[in-house]
There are 2 protein chains.
Amino acid sequence: MEDHHLSEFLNHLEEGLRKEARELFKPERYDREQYIFIDQEEATHLYLVEEGTVEANIVHGDGKLLILDFLYPGGVFGEGALYEDGIYSYSAVAKEPARTWRISWDDLQWLVSRDQLFALHLMRIVVAKLDQAYYKDRCIAGEKVEKRIACVLLKMVDEIGISDKCGLVIDTPLTNRDIAGLVGSTEETVSRIMSRLKKEGIMGTEGKLLVVRDKKALLAYFDDIQA
Amino acid sequence: MEDHHLSEFLNHLEEGLRKEARELFKPERYDREQYIFIDQEEATHLYLVEEGTVEANIVHGDGKLLILDFLYPGGVFGEGALYEDGIYSYSAVAKEPARTWRISWDDLQWLVSRDQLFALHLMRIVVAKLDQAYYKDRCIAGEKVEKRIACVLLKMVDEIGISDKCGLVIDTPLTNRDIAGLVGSTEETVSRIMSRLKKEGIMGTEGKLLVVRDKKALLAYFDDIQA
DNA sequence: AGCCTCCCTTGATGTAGGTCATTTGCCCGC
DNA sequence: GCGGGCAAATGACCTACATCAAGGGAGGCT
């Protein structure tokens, strides 16, 4: 089984430990729509995405779905497992068929205790997630849906955008419902706004994929957020 | 100078290191409204609140203020300093006159490298912050202001509420503007909602402080958020 | 082919809440 | 005491957006 992203992750360990560590990560496979863990469950494992896309979400009692984030290959999730008696603070579900690696809290702790640089690497990952969460708060809180969408699209482009003759292609299928879930709005509103963005030549589509045609204009949409 | 909260923090270090570590933390003093660091600055130090209240906020280009969190004695902020070349992802300002301790990234790294349990403690702090940030997302995204306020008030009560004959007192002065900043709304809207909550006997005031009179009712306001 | 499911689109309508404007009350220093 | 500044309260207005509803296109199934 391929382990490209796992290897990369293990590179942050000192060399002597890598082989041993490799054995602590177990491969898993999930189908589309299959849940990996559920919000508020006891957090037993930390996960790494090898292939596919994982959605981190929260479902409200009234059925509304909030998408916290999408995780792509190389991404880590299930931070609750980083300390004793942690719980997951969101649910994780495969958005596309996915392959992941997971390591138990015990094994992870053992690794951390043997390599402080690795501990620092984990720290960096978590702090980066924290920064992202704050960034999202900033984009979502009290802003117009228009801006929130611009914000999300720009983030996606930075994360997984690939340059192309007609613009920056967002390399994952993304429905209006997904976007609505990310920004806390509705399909219909997103549809209207996206239509407008397309009409204005700012966004476009390439098959099933979204394309940012005019990043500058998109940035202008929310530049007063940027301080 | 008193160092109650610093001592507690240092208790997570192995005993042999404490005395030495104590010297790495420098005391600071800030007046009301004085900024401790600014959003996007290079993160040089990690901070610990000894006394007073610190506000973590972000100012948008259009002047709107988003309050990410309040930090009370024992609280840690400035996570950007937890890894090399980090930057602060929010501004920190003293909301009341405050005393803090700070440690530089270099010194901190030295400590972490000598005590893995301490590293795990830091990790726990950061993950807890991450969970909080997600919790906030969940409360804010696409919810009515009413619910967002209930959410914030309940969080405050859990954090710094003290029981009293007339209810749960939130032990810090909190203006409508503060609340508006926390939930991404406006003073006026908050005022209207708070008036209603007071009329309904759910909230009340005790001098300058807010009191939760009926926590059950407040919980009911947002129980469909709770899944 | 026909059907079903999923997604997008567009319209009509009601309302939460942002914005502007005014008034009142409180605290502080003089 | 009086005046100035700051927070709260309340009203009027208007727009962004959630909600309900209907229709259309694309892809996959039998």
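1. A short definition to start: a residue is called buried when its relative accessible area is under 20%, exposed when over 50%, and partly exposed in between, using a 1.4 Å probe and protein chains only. By that cut-off A:Cys151, at 3% relative accessibility, counts as buried. A:Cys139 is buried too, with a relative accessible area of 2%.

2. A word on the ground rules: this is a predicted model, in which local features need pLDDT of at least 70 and side-chain atom pairs count only at pLDDT 80 or more, while totals for chains, interfaces and linings use all residues. Residues are numbered from 1 along each chain as its sequence is written, chains are lettered from A and ligands numbered from 1 in the order in which they are written, and side-chain values use heavy atoms, leaving out hydrogens and water.

3. With a disulfide taken as a pair of cysteine sulfur atoms within 2.5 Å, the count over all chains is two.

4. In chain A, the sulfur atoms of A:Cys139 and A:Cys151 are 1.9 Å apart and form a disulfide. This pair links distant parts of the chain, 12 residues apart: A:Cys139 sits in helix 4 (residues 116-140) and A:Cys151 in helix 5 (residues 145-160) of chain A. Helices here are DSSP runs of H or I with at least four residues, numbered from the N terminus. The torsion about the S-S bond of A:Cys139 and A:Cys151 is about 50°, so the disulfide is right-handed.

5. Now for chain B: B:Cys139 and B:Cys151 form a disulfide with their sulfur atoms 1.9 Å apart. Its S-S torsion is about 50°, so this disulfide is right-handed. Both B:Cys139 and B:Cys151 are buried.

Note on methods
Helix = DSSP H or I, 4+ residues; strand = E, 2+ residues; numbered from the N terminus.
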